[in-house]
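Let's take a friendly walk through a protein model together, from its aromatic side chains to its charged pairs and on to one of its sheets. Please keep the viewer open as you read.

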Amino acid sequence: MNARRVKDIEYQLLPGSPRKTTDIVIERNGQVTARPPTDYTPEQVDAVVESKRMWIYRNLAEWKDLNASAVVREWVNGETFLYLGRAYRLSLVSDQGCALQLKEGRFCLNRTVVERGGPESARQSFESYFADKGLRRFSEQVNYFAPKVGVQVAGVKVKEMGYRWASCGKTGVLNFHWKCMMAPPKIIDYIVVHELCHFHHRNHTEAFWNEVDKVMPDYRERKEWLRKHGASLDV
């Protein structure tokens with residue numbers, strides 16, 4: 001990526017794509033990105049960004065409002081953590097062989113994890129748990145939806161992905177953020193279908209959304225839920 005600035009707007013210039021228009025996006029971390037047609041010069045992209053200044057201002061302001069809902073959780077008894085759209089309370093326990101398990105409606109975390117490794121170690125326990133459970137769920141849902149989308153997938157991975165929910169690799173491997181496992185099942189399904197449709201279109205043109213609509217006619221509702229509540233999916 002190439003960092004550029006147009007007056008008071010900083011943006012990342014992405015590699016060009018075989019499209020006819022410049023795709024400007026406010027990423028989950030609030031960064032502005034622009035993916036132009038392959039034959040555009042950086043100066044031409046600057047001009048497009050300049051012409052979209054008011055749209056960018058409005059969407060950045062909305063991003064700040066949405067991210068005000070981000071939560072900071074503490075590693076104490078009774079704190080709530082999300083899993084598949086439901087909130088579960090945390091219990092710090094001593095008599096447990098594994099670091100973390102969901103048992104009798106509570107997340108049971110071995111207290112030595114917090115005592116020895118602190119918050120980062122506790123967070124890592126949740127990441128490992130969600131990644132493990134997520135690999136099974138995402139693999140099942142990919143196997144279910146891939147034939148409906150009409151594509152074949154080479155593999156599925158669940159890992160830390162920064163500010164991206166998922167990605168469709170050029171090798172046919174789908175990558176999903178472990179935090180997706182905090183979302184309700186219908187939102188997870190939307191993320192799966194979204195990425196599968198990128199096998200047909202590597203962009204977010206009308207043709208891409210038409211592919212999503214064929215499999216999931218209510219995708220707009222699910223997409224909006226993720227936009228509004230995505231900041232709260234964290235540990």
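What follows looks at aromatic pairs, then salt bridges, then a sheet and the helices that pack on it. Keep in mind throughout that this is a predicted model.

Let's begin with the rings. The structure holds 17 aromatic pairs. Take Trp-75 and Phe-126 as a starting point: their ring centres are 5.5 Å apart and their planes meet at 50°. An angle under 30 degrees would count as stacked and one over 60 as edge-to-face, so this pair is classed as tilted. The two rings come from distant parts of the chain, 51 residues apart: Trp-75 sits in the loop between helix 2 (53–67) and strand 5 (80–83), while Phe-126 belongs to helix 3 (residues 111–149). Buried or exposed, where does Trp-75 fall? With a relative accessibility of 13%, Trp-75 counts as buried, because the cut-off for buried is under 20%. Phe-126 is buried too, at 0% relative accessibility.

A second pair to pick out is Tyr-88 with Phe-107, where the geometry is edge-to-face, with 5.8 Å from centre to centre and 75° between the planes. Tyr-88 is part of strand 6 (residues 86–93) and Phe-107 is part of strand 8 (residues 106–110), so this contact ties together parts that lie 19 residues apart in sequence. Both Tyr-88 and Phe-107 are buried. Now select the rings of both pairs at once: Trp-75, Phe-126, Tyr-88 and Phe-107 are among the members of one aromatic cluster, which also includes Phe-81, Tyr-83, Tyr-129, Phe-130 and Trp-178.

Next come the charged side chains. There are 14 salt bridges in the structure, and Arg-227 is a good place to look. The side chain of Arg-227 meets that of Glu-62 in a salt bridge, at 2.0 Å from N to O. Arg-227 lies in helix 6 (residues 219–229) and Glu-62 in helix 2, so the bridge ties together parts 165 residues apart in sequence. Arg-227 is partly exposed, with a relative accessible area of 35%, and Glu-62 is also partly exposed, at 32%.

Arg-227 has a salt bridge within its own helix as well, to Glu-224, at 2.5 Å from N to O. Why are Arg-227 and Glu-224 separated by about one helical turn? They are three residues apart in helix 6. Glu-224, partly exposed at 30%, in turn forms a salt bridge with Lys-228, where the closest N and O atoms are 3.9 Å apart. Glu-224 and Lys-228 are four residues apart in helix 6, again about one turn of the helix. Lys-228 is partly exposed at 42% relative accessibility. Elsewhere, salt bridges with shared partners join Lys-7, Asp-8, Glu-50 and Arg-53 into one network.

Finally, turn to an open sheet of three strands, ordered 9-11-10 with mixed pairing. Strand 9 (155–159) and strand 10 (166–168) each have a single partner strand, so they stand at the edges with one side lacking a neighbour in the sheet. On average, neighbouring strands here are turned by 15° against each other, direction ignored. Strand 9 and strand 11 (residues 173–177) run parallel and are joined by five bridges; Val-156 stands opposite Leu-174 in strand 11. Helix 3 packs on this sheet, touching strand 9 and strand 11, and its direction makes about 150° with that of strand 9. Helix 4 (residues 185–197) packs on the sheet too, touching strand 10 and strand 11, at about 145° to the direction of strand 11.

How values were computed
Residues are numbered from 1 along each chain as its sequence is written. This is a predicted model: local features need pLDDT of at least 70, side-chain atom pairs count only at pLDDT 80 or more; totals for chains, interfaces and linings use all residues. Side-chain values use heavy atoms; hydrogens and water are left out. Rings of Phe, Tyr and Trp (its six-membered ring) pair if their centres lie within 6.5 Å; planes under 30 degrees apart count as stacked, over 60 as edge-to-face and the rest as tilted. Helices (H or I, at least four residues) and strands (E, at least two) are DSSP runs, numbered from the N terminus. Buried means under 20% relative accessible area, exposed over 50%, partly exposed in between (1.4 Å probe, protein chains only). A salt bridge is a side-chain nitrogen of Lys or Arg within 4 Å of a carboxyl oxygen of Asp or Glu. Two strands pair if DSSP finds at least two bridges between them. Axes are lines fitted to C-alpha atoms, for helices over the stretch in contact, and angles run from 0 to 180 degrees between N-to-C directions. Contact means heavy atoms within 4.5 Å.
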